[in-house]
Amino acid sequence: MPAKPDHDKSKPEEAPHYLGHRERLRERFYSAGADALSDYELLEMALFSALPRRDTKPLAKSLIKIFGSFAEVVHAPVARLREVDGVGESAIHQLKLLAAAAHRVAKGGVNSRNALSSWNEVIDYCRTSMAFADKEQFRLLFLDKRNQLIADEVQQTGTVDHTPVYPREVIKRALELSATALILVHNHPTISYSIMLDHARSL
């Protein structure tokens with residue numbers, strides 16, 4: 001007696017369960033906006049293209065649990081991301097692309113308006129640019145007389161707890177750019193991603 005087939009090949013295979021979930025998530029994103037989604041749901045959507053044949057919900061939840069927030073996930077060091085089960089090179093590429101896009105948008109927004117006219121705007125810009133860096137940076141923001149950003153430059157990159165500062169190079173660069181104001185930024189990766197700011201006027 002011939003063995004029965006495991007399944008009836010004449011019937012179409014059922015679509016993976018997560019495809020319906022993805023569609024519902026997209027609909028909510030476009031109808032209600034990004035604020036209607038939690039961090040892990042937004043991360044799910046960000047991973048769709050990197051993991052087209054996987055349910056991204058468990059991985060997104062795991063990443064948020066490990067790193068704390070959407071921003072901390074996309075800015076996490078590559079080495080730490082590789083340690084997470086289920087995170088491959090495609091997912092890492094997608095996350096780093098998001099981090100680069102966020103930085104580019106923030107930088108472009110500052111260049112298009114007087115965005116550094118208050119300390120809150122400076123802090124918001126710096127958090128987007130460097131708050132999740134895994135090494136200490138000495139960063140310089142050069143401004144013109146209207147507080148518009150002329151240049152944003154990393155002068156030195158140090159270790160996890162140290163970076164050198166060269167005042168002569170700072171002043172030389174400010175004169176080259178004809179900057180009238182200067183903001184010095186120094187982060188502390190080992191102390192909850194803190195940022196220290198100093199402000200020099202009338203260069």
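**Exercise 1.** Starting from T128, which is found in helix α7, determine whether T128 is buried, partly exposed or exposed.

*Solution.* The model is predicted, so local features need pLDDT of at least 70 and side-chain atom pairs count only at pLDDT 80 or more, while totals for chains, interfaces and linings use all residues. Residues are numbered from 1 along each chain as its sequence is written, and side-chain values use heavy atoms, with hydrogens and water left out. Buried means under 20% relative accessible area, exposed over 50%, and partly exposed in between, with a 1.4 Å probe and protein chains only. T128 has a relative accessible area of 25% and is therefore partly exposed. A further step looks along the chain: the C-alpha atoms of T128 and H103, which are 25 residues apart in sequence, are separated by 6.0 Å.

**Exercise 2.** Find which residues of α7 are buried, and explain why they lie on the same side of α7.

*Solution.* Helices are DSSP runs of H or I with at least four residues, numbered from the N terminus. The buried residues of α7 are V122, Y125, C126, S129 and M130. Because they cover an arc of only 95 degrees around the axis, they are on the same side of α7; the arc is that of the directions from the helix axis to the C-beta atoms. The face turned away from this buried side carries the exposed residues N120 and D124.

**Exercise 3.** State which residues E41 touches, leaving out those up to four places away in sequence.

*Solution.* E41 lies in helix α2, residues 39–47, and is buried, its relative accessible area being 12%. With contact meaning heavy atoms within 4.5 Å, E41 touches L25, R28 and A36.

Definitions and conventions
Helices (H or I, at least four residues) and strands (E, at least two) are DSSP runs, numbered from the N terminus.
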